[in-house]
Amino acid sequence: SSGFKAEAGRYHLYASLACPWAHRTLIMRELKGLNHALSISIVDPVMGDRGWAFSEAPGAIPDRVNHARYLQEIYLKADRNYTGRITVPVLWDQQTQTIVNNESREIMRMLDVEFSGLATQSIDL
């Protein structure tokens with residue numbers, strides 16, 4: 001077991017509407033009817049000099065979980081020595097305060113399979 005049990009309200013998804021890889025995790029969340037179980041934050045669609053930022057841009061949703069101004073803060077909260085790329089999407093575990101995954105295909109599989117008991121919609125992939 002990974003230790004990351006699918007539970008409503010436990011996880012938070014960080015995404016960007018400008019990134020097709022991140023955007024598809026949002027589509028999966030919607031198609032599976034997981035809006036009630038998985039909260040989201042949407043970064044500004046334009047990446048600035050400091051990377052992905054949370055802003056007041058149309059479509060952006062601030063980080064109400066960790067209250068970060070930049071997505072980099074989330075990566076550093078999970079690992080204070082992190083020096084790699086800061087990418088979206090990010091599936092964040094609020095219980096353990098860490099990143100579960102940042103690979104869109106794997107997040108989509110998790111939402112489809114592991115979160116199926118929380119889904120209000122059924123789709124065949």
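**Exercise 1.** In this predicted model, decide whether tyrosine 82 is buried, partly exposed or exposed, and then work out how its ring is arranged against that of tyrosine 75.

*Solution.* Begin with the relative accessible area of tyrosine 82, which is 28%. A residue is called buried under 20% and exposed over 50%, so tyrosine 82 counts as partly exposed. Its partner tyrosine 75, by contrast, has a relative accessibility of 3% and therefore counts as buried. Turning to the rings, the centres of tyrosine 75 and tyrosine 82 lie 5.1 Å apart with the planes at 35°, so this pair is classed as tilted.

**Exercise 2.** Find how many aromatic pairs there are, and describe the pair made by tyrosine 11 and phenylalanine 115.

*Solution.* The count of aromatic pairs comes to three. For tyrosine 11 and phenylalanine 115, the ring centres are 5.6 Å apart and the planes stand at 70°, so the arrangement is edge-to-face. The next step is to place the two residues: tyrosine 11 belongs to strand S1 while phenylalanine 115 is in the segment after H3, so the pair ties together parts that are 104 residues apart in sequence. Both tyrosine 11 and phenylalanine 115 are buried. A further ring to inspect is that of tyrosine 70, since arginine 50 lies over its face, at 4.1 Å from the ring centre.

**Exercise 3.** Reconstruct the sheet: state the order of its strands, say which strands stand at the edges, and give the sense in which the neighbours pair.

*Solution.* The four strands form an open sheet in the order S2-S1-S3-S4, with mixed pairing. Strand S2 (38-42) and strand S4 (98-101) each have a single partner strand, so they stand at the edges and one side of each is left without a neighbour in the sheet. From one strand to the next, the twist averages 35°.

Now take the pairings in turn. Strand S1 (residues 11-15) pairs with S2 in the parallel sense over five bridges, and in these strands tyrosine 14 has serine 41 of S2 as its bridge partner, while alanine 15 has isoleucine 42. Two helices can be added at this point. Helix H1 (residues 20-31) packs on the sheet, where it touches S1 and S2, and its direction makes about 150° with that of S2. Helix H3 (residues 104-114) also packs on the sheet, touching S1, S2, S3 and S4, with its direction at about 85° to that of S4.

The pairing of S1 with S3 is antiparallel, over four bridges, and here tyrosine 11 stands opposite aspartate 93 in S3. Strands S3 and S4 likewise run antiparallel, joined by three bridges, with leucine 91 opposite asparagine 101 in S4.

**Exercise 4.** Explain why S2 is described as largely enclosed, and say which residues of S3 are buried on each of its faces.

*Solution.* Although S2 stands at an edge of the sheet, four of its five residues are buried, so S2 is largely enclosed by the rest of the structure. In S3, both faces are covered, with Val90 and Trp92 buried on one side and Leu91 and Asp93 buried on the other.

**Exercise 5.** Locate threonine 87 and list its contacts beyond four places in sequence.

*Solution.* Threonine 87 is part of the loop that runs between helix H2 (72-78) and strand S3 (90-93). With 18% relative accessibility, threonine 87 counts as buried. Once neighbours within four places in sequence are left aside, threonine 87 is in contact with Trp52, Leu71, Tyr75 and Asn102. With asparagine 102 there is also a polar contact between side chains, at 3.4 Å.

**Exercise 6.** Identify the backbone features of proline 89, histidine 67 and glutamine 97.

*Solution.* As a starting point, most residues other than glycine have a negative phi, and most peptide bonds are trans. The bond from valine 88 to proline 89 is cis, with omega near 0°, and proline 89 is found in the loop between H2 and S3. Histidine 67, which is not a glycine, has a positive phi of about 55°; histidine 67 is in the loop between S2 and H2 and is exposed, with a relative accessible area of 61%. Glutamine 97 also has a positive phi, of about 60°, and sits in the turn of the hairpin that S3 and S4 form with four residues between them. Glutamine 97 counts as partly exposed, at 30% relative accessibility.

Methods: Residues numbered from 1 in each chain as written. Predicted model: local features only at pLDDT ≥ 70, side-chain atom pairs only at ≥ 80, totals over all residues. Heavy atoms only, no water. Buried < 20%, exposed > 50% of the residue type's maximum accessible area, 1.4 Å probe, protein only. Polar contact = N/O pair within 3.5 Å; in protein donor to acceptor, adjacent residues only side chain to side chain. Contact = heavy atoms within 4.5 Å. Pairing = 2+ DSSP bridges. Axes fitted to C-alpha atoms, helices over the stretch in contact; angles between N-to-C directions. Phe/Tyr/Trp six-rings, centres within 6.5 Å; stacked < 30°, edge-to-face > 60°. Lys NZ or Arg CZ within 6 Å of the ring centre and 35° of its normal.
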